[in-house]
Amino acid sequence: MFAGADTTSAALSRAAEMLAEHQDVQDALRAEIIDAGAAAVTDPGSLPLLDAVVKETLRLFPPAQVSQRT
């Protein structure tokens, strides 16, 4: 019922935090997205910096939670 909700919001929050701390990356990412325009919708692989930001955020702050059940 709650699968993915917490992990998705945690990952997006961390990505926003990291971009706020690194204005140069944020500016470059904004330029990449603006330059790609509508092409990014049909080919998300055309945004290598966005891909790198997402992967690095997930590498540094994996949103998976550990719970033990008995």
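**Reading the salt bridges**

Guide: Let's start with a pair you can click on: the Glu17 and Arg14 side chains meet in a salt bridge, 3.4 Å from N to O. Bear in mind that this is a predicted model, where local features need pLDDT of at least 70, side-chain atom pairs count only at pLDDT 80 or more, and totals for chains, interfaces and linings use all residues. Residues are numbered from 1 along each chain as its sequence is written, and side-chain values use heavy atoms, with hydrogens and water left out.

Visitor: What counts as a salt bridge here?

Guide: A side-chain nitrogen of Lys or Arg within 4 Å of a carboxyl oxygen of Asp or Glu. Searching the whole structure turns up 4 salt bridges.

Visitor: Where do Glu17 and Arg14 lie?

Guide: Both are in helix 1 (residues 5–21), 3 residues apart, about one turn of the helix. Helices here are DSSP runs (H or I, at least four residues), numbered from the N terminus.

Visitor: Are Glu17 and Arg14 buried or exposed?

Guide: Buried means under 20% relative accessible area, exposed over 50%, and partly exposed in between (1.4 Å probe, protein chains only). Glu17, at 35%, is partly exposed, and Arg14 is partly exposed at 34%.

Visitor: Which salt bridges involve Asp51 and Glu56?

Guide: Asp51 pairs with Lys55 at 3.3 Å, N to O; these two sit 4 residues apart in helix 4 (residues 48–60), about one helical turn. Asp51 is partly exposed at 39%, while Lys55 is exposed at 54%. Glu56 bridges to Arg59, with the closest N and O atoms 2.6 Å apart, and they are 3 residues apart in helix 4. Arg59 is exposed, at 55%.
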